[in-house]
Amino acid sequence: MGEPGGGGGVWRRAGIAGAALGVLAAGAAAGVAVERLTVSRSVRRKARLALDATGPFGTLRGTPGRALADDGTILAYETDEAEAGRAGEGPGGPLTVVFSHGFCLDQDSWHYQRAALRGRVRTVFWDQRGHGRSERGERKPVGIELLGRDLKAVVDAAAPEGPLVLVGHSMGGMTVMALAEQYPELVRDRVVGVAFVGTSPGRLEEVSYGLPLAGVNAVRRVLPGMLRTLGSQAELVEKGRRATADLFAGLVKKYSFASKDVDPAVVRFAERMIESVPVDVVAEFYPAFGAHDKLAALAAFRGLPALALVGDQDLVTPAAHTEAIAEALPGAERVVVPDAGHLVMLERPGAVTEALAALLARAGEGPDNG
C-alpha cells in the first residue's frame, strides 16, 4: 500500500477501504451529525465535536467487574443491581438479564434499554473481546465459538447463580447461540428467556446489503486478502479513515439507521463506537461471520419464552434471518419494527424496550410495574 509519504492517493484509498470494511465486514454502526455535502468540512467537524460533548450516551455506569476468558483474556463487564423488592426471584436467586452487543459496538449500545430497566431488574452488560474496555486476546482469527465461551466466563463471574435472560444484538445474538451450542446444560438449568435482536443464525454469505449481488460477490472474493493486508498496516488505515471521516460516516450510516428523523446525537454516538474499533480487530473477526452457522443450536431454547426482533429495513441481518430464528423457536414473539435499520435498539428504543419487558413478563421473572 505504500508509506505515508506516498501521497494523498494512499490516504484516500486507505480511508475508502476502511469505510467499506466497516460496512460490509462489520455490519455495525456509525453515522454523521451533519449530512449535507454543501456544508464545509470544518463546519461538519465542529458539529461532530459539539455532539460529542452533549447527550447522555455512554454515561450510564454500573459496578465494574472482570471475567477471565479460557485463554486468559480479561473481559470487562458492569452490573446494575435491582432495587430491593423489585427483582424477579427464582430458584437459586434473583433474575439477571445479560446483554451482549454487536460487532464494532460496545456495552453502551444498550443505553436506552439500560436506562429503562435500571433498578427494576438485575442486569449485566459486557464488552466483547477487542471492543470497549475488554482486552483483545491472542487468538486470531476470532471465532463465534470463542465468543460463546467468553459469554460463559462472564456469566460465571457476574451471575454464577439464579435464573438468566440472555439478550443479544447482531454478533451478540450469535454469541448467545454459540453459548447454547457449547453449554446446553446451562440453558436447561438456568435460562428462562432469550431475545435475539437484529441477528442471524447463519447464511450471512447470502446477504446483499442492498447492493447488486454481482458486486457483493466480487467484494467477498477480495475482502479476506484485503483485510489481511490492511490489518498489517493498521496505523496507516486508521489515519486514512480519519482523513475521509465524512465518506466513512455517510456509508456506515446507511447500514445502521433507516428513518430520517433519527436523533443526530444518536447517530454520532454510534459513529464514535465504530471509530473506536481498530481495523486489525475488524480483520481478526471477519472470517467468523462467513463461518457462522448456529441454526441447530437454537434447539436448546425451544420451549422457553423467546423474542425475535428486527428492523424492517435492516440491510445487515435482514428480516428473513430473524424469521428463520422464529421458525426454529415455536412460540417466540416475532417483532418487526417499522422504519428501522440494523441499530434498532438505538433508532427505535421504545419498541425494543417494550418487547423486552414483555419477554420478562412471559418469563415470569420480570420487574414489577410499580
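In this predicted model, R136 comes out as partly exposed, with a relative accessibility of 30%. Its salt-bridge partner is D280, and the closest N and O atoms of the pair sit 3.0 Å apart. D280, for its part, counts as buried at 17% relative accessibility, a value that falls under the 20% cut-off for burial. R136 belongs to the loop between β6 and α4, while D280 is in helix α11 (residues 279-291), so the pair ties together parts that are 144 residues apart in sequence.

A second bridge links that loop and that helix. K140 pairs with E284, with 3.5 Å between the closest N and O atoms. Here K140 lies in the loop between β6 and α4 and E284 in helix α11, so once again parts 144 residues apart in sequence are tied together. The two ends of this bridge sit in rather unlike surroundings: K140 counts as exposed at 52% relative accessibility, whereas E284 is buried at 8%. Elsewhere, salt bridges with shared partners join R61, E78, D80, D108, R114 and R118 into one network.

The structure holds 25 salt bridges, and R129 contributes to another of them, reaching D71 with its closest N and O atoms 2.9 Å apart. R129 is in the loop between β6 (122-126) and α4 (144-158), and D71 is in the loop between β1 (63-68) and β2 (74-80), so this pair connects parts 58 residues apart in sequence. R129 is buried, with a relative accessible area of 0%, while D71 is partly exposed at 25%. Q128, also in the loop between β6 and α4, counts as buried at 0% relative accessibility. Leaving aside residues up to four places away in sequence, Q128 touches S100, H101, S134, L147, M171, G172 and T175.

Zooming out, the protein chain has 14 helices and ten strands. Buried residues account for 56% of its 370 residues. Of the contacts with a separation of 6 or more, 82% come from residues 24 or more positions apart.

Eight of the strands make up an open sheet with mixed pairing, in the order β1-β2-β6-β5-β7-β8-β9-β10. The edges are β1 and β10, each with a single partner strand, so one side of each is left without a neighbour in the sheet. Ignoring direction, neighbouring strands of this sheet are turned by 20° against each other on average. At the β1 edge, β1 and β2 pair in the antiparallel sense over six bridges, with P64 standing opposite E78 in β2. The hairpin of these two strands has five residues between them, and G72 takes a positive phi near 90° there. For a parallel case, take strand β7 (residues 164-169) and strand β8 (residues 191-197), joined by six bridges; L166 has V194 in β8 as its bridge partner.

Two helices pack on this sheet. α5 touches β5 (96-100), β6, β7 and β8, and its direction makes about 135° with that of β7. Helix α12 (residues 319-328) touches β8, β9 (306-311) and β10, its direction making about 170° with that of β9.

α5 meets α4 as well. The axes of α4 and helix α5 (residues 171-182) come within 7 Å and cross at roughly 80°, which makes α4 roughly perpendicular to α5. On the α4 side, the contact involves I144, E145, L147, G148, R149, L151 and K152, and on the α5 side M171, M174, T175, V176, A178, L179, E181 and Q182. By type, the residues of this contact divide into eight nonpolar, three polar and four charged.

Finally, at the other edge of the sheet, V335 has its place in strand β10 (residues 333-337). V335 counts as buried at 16% relative accessibility. Residues up to four places away in sequence aside, V335 touches L307, A308, L309, V310 and A355. The C-alpha atoms of V335 and E323, twelve residues apart along the chain, are separated by 9.6 Å.

How values were computed:
Residues are numbered from 1 along each chain as its sequence is written. This is a predicted model: local features need pLDDT of at least 70, side-chain atom pairs count only at pLDDT 80 or more; totals for chains, interfaces and linings use all residues. Side-chain values use heavy atoms; hydrogens and water are left out. A salt bridge is a side-chain nitrogen of Lys or Arg within 4 Å of a carboxyl oxygen of Asp or Glu. Helices (H or I, at least four residues) and strands (E, at least two) are DSSP runs, numbered from the N terminus. Buried means under 20% relative accessible area, exposed over 50%, partly exposed in between (1.4 Å probe, protein chains only). Contact means heavy atoms within 4.5 Å. Two strands pair if DSSP finds at least two bridges between them. Axes are lines fitted to C-alpha atoms, for helices over the stretch in contact, and angles run from 0 to 180 degrees between N-to-C directions. Angles under 35 degrees count as roughly parallel, over 145 as roughly antiparallel, 65 to 115 as roughly perpendicular and the rest as oblique. Ala, Val, Leu, Ile, Met, Phe, Trp, Tyr, Cys and Pro count as nonpolar, Asp, Glu, Lys and Arg as charged, and the others, Gly among them, as polar.
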